[in-house]
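Take a look at the model below. We will walk through it step by step, from its domains down to one sheet.

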Amino acid sequence: MPELPEVETIRGDILGAGVVGRGIKEAQLLWAGAVREPEPREFCRRLAGRTIRAVARRGKYLIFHLDSGESLIVHLKMTGALLLRGPAFGPEPYLRALFLLDDGRELRFADARKLGRLWLVDDAQKVVGKLGPDALAADFTPQVLAVRLGSRRAPLKPLLMDQEFVSGLGNIYADEALFLAGIHPLRPAHQVSPTEVATLHQAIGQVLHQAMANRGTSFSDYRDLSGEPGNNVGELRVYRRRGQPCFRCQTPIERMALRGRGTYFCPRCQG
Ligand SMILES: [Zn+2]
């Protein structure tokens with residue numbers, strides 16, 4: 001699923017493509033179930049004629065701020081993609097929604113598994129207000145991480161993926177950050193030492209920045225705004241590397257199921 005680096009790559013592409021300042025001539029829904037709020041006809045009616053004023057990101061959510069004061073919010077979930085296509089571009093597989101811009105280009109929302117969602121709300125906080133600090137925001141400091149970990153007994157990995165704890169990390173970057181920090185995914189949060197918290201905080205920033213520099217990680221689904229995959233797979237140290245030698249100690253990487261998600265780690269470096 002697209003995580004923070006992938007969503008931020010798409011946001012950067014949207015900014016670079018000059019979408020901010022453009023009008024939405026028309027919104028079309030090919031699958032009404034993609035819209036969480038308001039009811040689908042209302043969603044299309046209220047979007048028509050609006051101008052995109054800014055594009056923000058919070059965790060894994062993309063937020064289009066409109067001239068009406070409303071926000072169009074997109075969550076790509078497992079297989080969603082936002083694609084910017086010229087007028088002559090061919091049909092899009094799994095197209096669920098389409099926003100026709102006033103310069104003739106189309107912002108397309110495609111999603112094979114239909115898990116991605118769209119909202120049009122007066123106040124973005126209604127959708128993203130419950131999220132924990134964004135993993136790359138200035139307010140996510142080592143001190144904040146230490147305080148949040150200190151009060152929890154849950155194992156680290158699922159906690160790092162809990163969007164109300166810290167927003168933006170998913171399965172890939174939680175595993176990668178824990179490997180880089182040398183901490184076992186099952187370690188109870190309150191048992192992480194102050195030094196380890198600082199190392200973990202730094203590791204989170206490092207894996208996210210590395211992934212953004214490589215325009216995200218693509219296995220089968222993630223695509224950027226022009227439909228191209230990211231280049232970060234070669235940088236992954238543990239994720240989906242079961243049985244392959246650890247980059248540091250040569251011990252084979254192990255995989256365990258943790259709350260239904262494959263979790264990859266080095267049993268020696270993260271002992
Ligand atoms: Zn190792």
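The domain assignment splits the protein into domain 1 (4–128) and domain 2 (142–265). Such bounds come from an automatic or database domain assignment. The centres of domain 1 and domain 2, taken over C-alpha atoms, are 28 Å apart. The model is predicted: local features need pLDDT of at least 70, side-chain atom pairs count only at pLDDT 80 or more, and totals for chains, interfaces and linings use all residues. Residues are numbered from 1 along each chain as its sequence is written.

Where do the domains touch? The contact takes 18 residues from domain 1 and 17 residues from domain 2. Two residues are in contact if their C-beta atoms, placed from the backbone, lie within 7 Å. On the side of domain 1 that touches domain 2, helix 1 (4–16) and strand 6 (80–85) are the elements that give two or more residues. Helix 1 provides the largest share, eight residues. By type, this side of domain 1 has 10 nonpolar, three polar and five charged residues. Here Ala, Val, Leu, Ile, Met, Phe, Trp, Tyr, Cys and Pro count as nonpolar, Asp, Glu, Lys and Arg as charged, and the others, Gly among them, as polar.

Now the elements. The protein has seven helices and 11 strands. Helices (H or I, at least four residues) and strands (E, at least two) are DSSP runs, numbered from the N terminus.

Follow one open sheet. Its five strands have the order 2-9-5-4-3, with mixed pairing. Two strands pair if DSSP finds at least two bridges between them. Strand 2 (35–37) and strand 3 (52–58) are the edge strands, and each pairs on one side only. Strands of a sheet pair through backbone hydrogen bonds, either parallel or antiparallel. Strand 5 (residues 71–75) and strand 9 (residues 117–121) pair in the antiparallel sense, over five bridges. In this pair, Val74 stands opposite Leu118 of strand 9.

Helices pack on this sheet. Helix 1 touches strand 3 and strand 4 (61–66), and its direction makes about 165 degrees with that of strand 3. Helix 2 (residues 40–47) touches strand 2, strand 5 and strand 9. The direction of helix 2 makes about 60 degrees with that of strand 9. For these angles, axes are lines fitted to C-alpha atoms, for helices over the stretch in contact, and angles run from 0 to 180 degrees between N-to-C directions.

Finally, step back. Along its principal axes, the C-alpha trace of the protein spans about 55 × 35 × 30 Å.
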